[in-house]
Amino acid sequence: MGILDSLRQALGMSAEADATRPASPEDLFGMSTAYMTMEADLGYDPAGAAALCFAGVDSTDFERTEREVERILEAGEVETGTTARFETDSHGYQWVVLEDPDFEDLVTSIHFAADTFIEEGFGDRLLAALFAFEKRDGPKGRRIGDGATVEGGKPVYWIYSFRRGAYYPFAPRPGHERDSSAEFKLQSVLDGELTVEEDKEYWYPLWPDRGRHPWE
């Protein structure tokens with residue numbers, strides 16, 4: 001797993017220094033309505049997956065916070081069926097990966113996780129939240145419960161940068177190419193419904209080293 005550009009540079013120190021507004025986990029709830037626009041106006045369905053990326057720190061307090069996040073998500077799985085797992089990529093960054101065919105449950109779970117880090121004093125370790133979608137007319141891949149993953153389709157992501165306090169679209173294609181027309185279309189339709197990053201220099205690509213998702 002990995003990222004083409006250094007996350008520390010792309011979503012960390014540089015973005016923090018150039019921040020235009022404070023980040024808030026409440027911004028994540030904007031996806032609760034944006035996904036309906038994605039479906040109705042753009043033909044993208046939720047792919048049943050989302051993830052929270054953060055930079056760990058070697059401390060007992062942080063380890064305790066991670067355990068608390070895990071406990072909260074395990075309790076949530078009983079209520080909503082949202083599954084969660086922790087991953088570490090090849091650059092040492094950590095991910096909470098969530099899967100659920102119910103998109104609103106994904107949003108709620110990722111908010112709980114982010115809010116817990118912030119309440120425990122580790123909000124500055126949060127880097128990004130990712131929400132995966134797939135084009136409706138693309139071939140379907142394997143299914144998670146009653147929902148399809150992006151495998152076999154054309155994935156796009158809405159990425160929320162905690163250091164910039166804004167979203168941006170990411171439409172990866174094979175060969176480390178991006179579908180710029182799809183990204184600009186997403187921006188034009190969702191800008192106003194989401195706080196979209198105006199400076200496209202901060203639309204950083206999050207490439208996977210293997211697999212299809214940036215956390216893989």
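Q: I'd like to learn to read strand pairing in this predicted model. Which residue in S8 is the bridge partner of Tyr160?
A: Happy to help! Tyr160 has Tyr167 as its bridge partner in S8. That bridge belongs to the pairing of strand S7 (residues 155–161) with S8, which is antiparallel and runs over five bridges.

Q: In what order do the strands of the sheet come?
A: Read across the open sheet and you meet six strands, in the order S2-S3-S1-S4-S7-S8, with antiparallel pairing. S2 and strand S8 (166–170) each have a single partner strand, so they stand at the edges with one side lacking a neighbour in the sheet. From one strand to the next, the twist averages 20 degrees.

Q: What does the S2 end look like, and how many bridges join S2 and S3?
A: Strand S2 (residues 83–88) pairs with strand S3 (residues 94–99) over six bridges, in the antiparallel sense. Arg85, for instance, has Val97 in S3 as its bridge partner. Five residues lie between the strands of this hairpin, and Gly92 takes a positive phi near 90 degrees.

Q: Which strands does helix H2 lie across?
A: Helix H2 (residues 31–42) lies across strand S1 (44–54), strand S4 (126–135), S7 and S8, and runs at about 145 degrees to S1. Helix H3 (residues 60–80) also packs on the sheet, where it touches S1, S2 and S3.

Q: Now a single residue: is Glu197 buried or exposed?
A: We call a residue buried when its relative accessible area is under 20%. Glu197 has 5% relative accessibility, so it counts as buried. Leaving aside neighbours within four places in sequence, its contacts include Arg164, Tyr167 and Trp203. The C-alpha atoms of Glu197 and Tyr167 are 5.6 Å apart, although 30 residues separate the two along the chain.

Notes:
Residues numbered from 1 in each chain as written. Predicted model: local features only at pLDDT ≥ 70, side-chain atom pairs only at ≥ 80, totals over all residues. Heavy atoms only, no water. Pairing = 2+ DSSP bridges. Helix = DSSP H or I, 4+ residues; strand = E, 2+ residues; numbered from the N terminus. Buried < 20%, exposed > 50% of the residue type's maximum accessible area, 1.4 Å probe, protein only. Contact = heavy atoms within 4.5 Å. Axes fitted to C-alpha atoms, helices over the stretch in contact; angles between N-to-C directions.
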